[in-house]
Amino acid sequence: MTSLQAPKGTFDILPPDAERRQGLETAARKILGAAGYRRIETPAFEATELFARGVGEATDIVQKEMYTFDDGGGRSLTLRPEGTAPVCRAYVEHGMHKLPQPVKFWYLSSFFRAEQPQKGRYRQFWQVGAETIGAAGPETDAEMIVLLAELLEAMLVKGTRLRLSSLGSPETRQQYRERLTAYLREHESRLSSEVRDRIGLNPLRAFDATDPGTREVMAAAPRLLDALEADDAEHFAAVRELLDASDVRYEIDPTLVRGLDYYTRTVFEFTSDALGAQSGVGGGGRYDRLIEQLGGQPTPASGWAAGVERILMSGTEPPIAPDPVDLFIALSDRDAGTAAAAFVVAREARRAGMAAQLELTGRSLKGQLKQADRIGARYVAIVEGDSRATLKEMSSGEQQELSLSAVIPTVLRGSRLT
Ligand code: HAM
């Protein structure tokens with residue numbers, strides 16, 4: 001029989017990794033909490049229609065990357081590939097438009113996409129994300145960007161670049177698409193066959209092409225940024241001014257396309273050159289039509305999400321201090337009475353607020369002292385029978401015999417516990 005392994009594109013989060021993630025969670029809570037964002041968590045699966053409607057039928061995510069299954073009762077469910085549509089669903093479902101606006105959320109959750117796994121690209125991955133629902137102004141977009149920049153900075157993510165653009169409104173985008181399609185058809189003979197085949201499907205992809213012929217054609221292609229309506233252009237200019245005023249550096253990238261259909265106006269993406277091909281650390285933008293599309297009232301919104309694995313891969317390894325251990329409870333013999341007494345001491349020590357660990361494997365006394373040293377215990381109590389113990393302070397080696405009931409008060413007095 002072959003041994004079992006985690007499925008392709010998934011991974012285990014072992015304790016050292018879990019501790020690094022804890023560091024990211026703490027930083028996110030601090031930075032986002034200070035700006036008024038509150039934690040939200042939505043279910044791991046949702047009605048498939050939420051993503052079909054929210055993320056967009058024509059996107060790669062909906063077309064190829066969703067884990068969709070029947071719930072047994074004829075309803076189609078999907079493991080969430082992203083968090084924005086679920087958060088908006090929750091906003092509508094719980095009538096949160098009645099709360100003072102905007103409502104500001106953050107989340108740290110796992111998501112699922114059936115992508116080809118590679119470094120930095122998984123089938124189950126984690127995102128930390130933030131969404132501001134119910135605010136239309138450019139300050140919101142700028143604040144979102146600044147907060148993500150701060151989080152990446154706090155996590156010491158190296159070599160970041162911020163690309164920024166505006167997609168205007170869906171109507172402008174549709175008109176632009178038609179113009180671009182016409183332009184590409186005019187220059188069809190100079191395009192690569194791959195781009196030519198996709199003109200009808202996704203003309204914007206032509207901007208990503210690498211062959212010289214297509215690149216030449218694209219250099220002179222019409223740009224969406226030049227076709228924005230006056231109020232969209234004004235909004236974009238205001239976002240840029242706010243970023244300039246906060247010293248956040250960015251590059252305008254008129255070819256920035258995101259893989260989700262809900263965006264309107266501002267879009268952005270942070271990349272890190274410390275990552276390989278999958279260089280996107282986090283991205284987002286404004287999505288003013290999504291809530292309405294999901295059955296809510298027209299409500300402007302803006303947000304981002306960043307990949308937890310990618311942040312940790314491109315950040316500097318922060319030193320992890322192991323949790324302190326105040327007391328290790330060792331057993332002088334294997335009597336049932338001694339074991340029961342040691343068990344009670346461990347429980348009472350924890351109730352008194354100490355970090356206390358009990359010997360669980362039946363090691364020799366020497367082995368137990370070695371284990372206490374390995375975990376960095378400040379004290380070891382060697383329990384002898386049901387009423388006596390020897391208490392040893394590990395740093396000085398000093399030890400003292402005492403009654404079992406004196407162990408906890410002595411450690412509390414002698415330790416720096418408050
Ligand atoms: P997204 O760009 O699809 O946006 O994903 C955000 C981030 O999640 C990416 O920049 C990347 O770091 C990480 N990520 C995506 N797919 C994978 C994967 N297969 N493996 C590892 N990491 C991955 C969204 O999901 C939007 N919901 C962001 C948003 C929030 N827009 C507005 N509000």
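A residue is called partly exposed when its relative accessible area falls between the limits for buried, under 20%, and exposed, over 50%. Phe45, at 42% relative accessibility, therefore goes down as partly exposed. All of this is read from a predicted model.

Phe45 has a ring partner in Phe69, and the two meet edge-to-face, with 5.9 Å centre to centre and 80 degrees between the planes. The pair ties together distant parts of the chain: Phe45 belongs to strand 2 (residues 45-47) and Phe69 to strand 3 (residues 68-70), with the two residues 24 residues apart. Phe69 comes out at 34% relative accessibility, so Phe69 counts as partly exposed too.

That pair is one of several, as the structure holds seven aromatic pairs. Another of them brings Phe11 and Trp126 together at 6.2 Å centre to centre, this time tilted, with 50 degrees between the planes. Here the link also spans distant parts of the chain, running from Phe11 in the segment before helix 1 (15-34) to Trp126 in strand 6 (residues 124-133), 115 residues apart. Phe11 is partly exposed because its relative accessibility is 26%. For Trp126 the value is 19%, so Trp126 counts as buried, the cut-off for that class being under 20%.

Trp126 turns up again in a cluster, where ring pairs join it with Phe11 and Tyr122. A charged residue joins the picture as well: Arg21 lies over the face of Trp126, at 5.3 Å from the ring centre. A further case of an arginine over a tryptophan involves Arg39, whose charged end sits over the ring of Trp106, 4.7 Å from the centre of that ring.

Away from the rings, Thr266 is worth a look. Thr266 is part of strand 9 (residues 266-272). With a relative accessibility of 1%, Thr266 counts as buried, since the class takes in anything under 20%. Leaving aside residues up to four places away in sequence, Thr266 touches Asp141, Leu164, Ser165, Ser166, His235, Val239, Gly284, Gly285 and Arg286.

On the scale of the whole chain, the protein is split into two parts: domain 1, made up of 15-168 + 228-314, and domain 2, covering 325-413. Taken over C-alpha atoms, the centres of domain 1 and domain 2 are 49 Å apart.

Technical notes:
Residues are numbered from 1 along each chain as its sequence is written. This is a predicted model: local features need pLDDT of at least 70, side-chain atom pairs count only at pLDDT 80 or more; totals for chains, interfaces and linings use all residues. Side-chain values use heavy atoms; hydrogens and water are left out. Helices (H or I, at least four residues) and strands (E, at least two) are DSSP runs, numbered from the N terminus. Buried means under 20% relative accessible area, exposed over 50%, partly exposed in between (1.4 Å probe, protein chains only). Contact means heavy atoms within 4.5 Å. Domain bounds come from an automatic or database domain assignment. Rings of Phe, Tyr and Trp (its six-membered ring) pair if their centres lie within 6.5 Å; planes under 30 degrees apart count as stacked, over 60 as edge-to-face and the rest as tilted. A charge sits over a ring if NZ of Lys or CZ of Arg is within 6 Å of the ring centre and within 35 degrees of the ring normal.
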